[in-house]
Amino acid sequence: LCRRLKCLTSASSKQLLGTTMTPFLLLFVALTAASPAIKIRQTSYQEMDRNRDGRLEQLEVYYAMTLDQAMLALDHDGDGYFGPIQIYQLTSDPTLFQQLDTNADGRVSFDEVRAGTNIVRIFDREDTNGDGYLDGPEADRIVFIYVEMKIHGLENWAIDLMDTDQDQRLSKQEVKDAITMDQIFAAADLDEDGAFTLTQMQTALMDAAQQINQLLNANGDDYLSFAECRALLDMGRFFDFLDFDDSGYLEGAEANQAAIKYKLIRNRAMGWQTDPTLDTDGDKKLSQAEVANAMTEEQIMAATDENGDGQFSAMEILQYYELPTLQMLDTDGDGTVSMAEMRAVFAMDWFFNYSDADGSGFLENLEQFRVRDLYRKQAGNDVGTKRLVQGS
């Protein structure tokens, strides 16, 4: 605003506007000129405030942007590096630049930013009163970044990444290639109890949540376990729920729903906290040796046997594994996996490779959720995995 006033009060501006313009009119013109920016901010805030409660919660920020979007939006020269001003624009922390510049080359690469911060940390830093929401001025930084994203045409960044054939729509295969059910479960299970409340289902599945909850909730309680989800829901059916017009593609608002899941997964993955009791070398990822050091094959199977009856119901298997795995383990087709059937297949190599979805040789961020839950159960530190199905 001050810059606009300075411009308007310059000699050339006075000549253009007339020497009789009063200070009041100068202020009015400046405010009018500034109003588009104010309107953009207000519109952007409203877009981010999905539940219309006048404040931004962490999930709403997750849905709106990822760290990579924010970095691209603020990297105005497109060189993939940040200086002190850009780091401050991103984080509001004037001391963070030196911490992030780990190789001391006087600039911070995108990888250095990723290693040192994430959307969760940025949110927490802006949440100055610690109430879990961004109210009033607390939201300014996040809204500023969101506006920069829009200015630079990055709103559809997630869709563009998923849309590998660049036809401006998402096919079922493109969604399957970008997102897995395990990722959705781990990302949306915010309290990490292995089940969803209806609110968490809305986080995971948005507009289809109520319909899916009624369809899948086998025992009629207040929770929808991972097992109940996996019994009837895979990525193909998940796609179908999002494809409201049954066109076979996700377009427009449908594609935005998939993009929200993608951004949620990316943000939760970056904010994932690796269990230090499992991660003995402190590298924030789990090797097969670390998993084997934490629990034996027998302990993993015992933790999977939720009711301790020496066999595995369908729901006990589906809590951790997909439906095709249940069908593979249940060799006699009786709907239950005996201990003998389990031992015929189960080995540490098999378990680790099943969990290592990207085949990197390590379990990173969300890939660790299965190991972490089973470890806590077998160690007697269960964080509250909900009973799968009554009588299971």
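Below is a short exchange on how some features of this predicted model earn their labels.

User: What makes Phe82 and Phe110 an aromatic pair that is edge-to-face?

Analyst: Their ring centres are 5.6 Å apart, and the cut-off for a pair is within 6.5 Å. The planes stand at 65°, and over 60 degrees counts as edge-to-face. So both labels hold for Phe82 and Phe110.

User: Why is the pair of Phe82 and Phe110 said to tie together parts that are apart in sequence?

Analyst: Phe82 lies in strand 2 (residues 81–82) and Phe110 in helix 8 (residues 110–116). The pair therefore joins parts that are 28 residues apart in sequence. Both Phe82 and Phe110 are buried.

User: Why is the pair of Phe226 and Phe369 called edge-to-face?

Analyst: The angle decides it: the planes of Phe226 and Phe369 are at 70°, and the label needs over 60 degrees. Their ring centres are 6.1 Å apart, within the 6.5 Å allowed for a pair. Phe226 is in helix 16 (residues 226–232) and Phe369 in helix 25 (residues 369–378), so this pair ties together parts 143 residues apart in sequence.

User: How do you know whether Phe226 and Phe369 are buried or exposed?

Analyst: Buried means under 20% relative accessible area. Phe226 has 3% and Phe369 has 10%. Both values fall under the cut-off, so both residues are buried.

User: What makes Arg107 a charge over the ring of Tyr81?

Analyst: The charged end of Arg107 sits 3.6 Å from the centre of the Tyr81 ring. The distance limit is within 6 Å. Lys285 sits over the ring of Phe362 in the model too, with its charged end 4.3 Å from the ring centre.

User: How do you know that the span of helix 18 agrees with what is expected?

Analyst: Helix 18 (residues 253–270) has 18 residues, and at 1.5 Å a residue it should span 26 Å. Its end C-alpha atoms are 26 Å apart, so the two values agree.

User: Why is helix 18 described as largely enclosed?

Analyst: Of its 18 residues, 14 are buried, so the rest of the structure largely encloses helix 18.

User: Why are helix 5 and helix 6 called oblique to each other?

Analyst: Helix 5 (residues 67–74) and helix 6 (residues 84–91) pack at about 135°, with their axes 10 Å apart. Roughly antiparallel needs over 145 degrees, and roughly perpendicular runs from 65 to 115. The angle of about 135° fits neither, so the two helices are oblique. Their crossing is right-handed.

Definitions and conventions: Residues numbered from 1 in each chain as written. Predicted model: local features only at pLDDT ≥ 70, side-chain atom pairs only at ≥ 80, totals over all residues. Heavy atoms only, no water. Phe/Tyr/Trp six-rings, centres within 6.5 Å; stacked < 30°, edge-to-face > 60°. Helix = DSSP H or I, 4+ residues; strand = E, 2+ residues; numbered from the N terminus. Buried < 20%, exposed > 50% of the residue type's maximum accessible area, 1.4 Å probe, protein only. Lys NZ or Arg CZ within 6 Å of the ring centre and 35° of its normal. Expected span 1.5 Å × (residues − 1). Axes fitted to C-alpha atoms, helices over the stretch in contact; angles between N-to-C directions. Parallel < 35°, antiparallel > 145°, perpendicular 65-115°, else oblique. Left-handed = near helix turned anticlockwise from the far one by under 90°.
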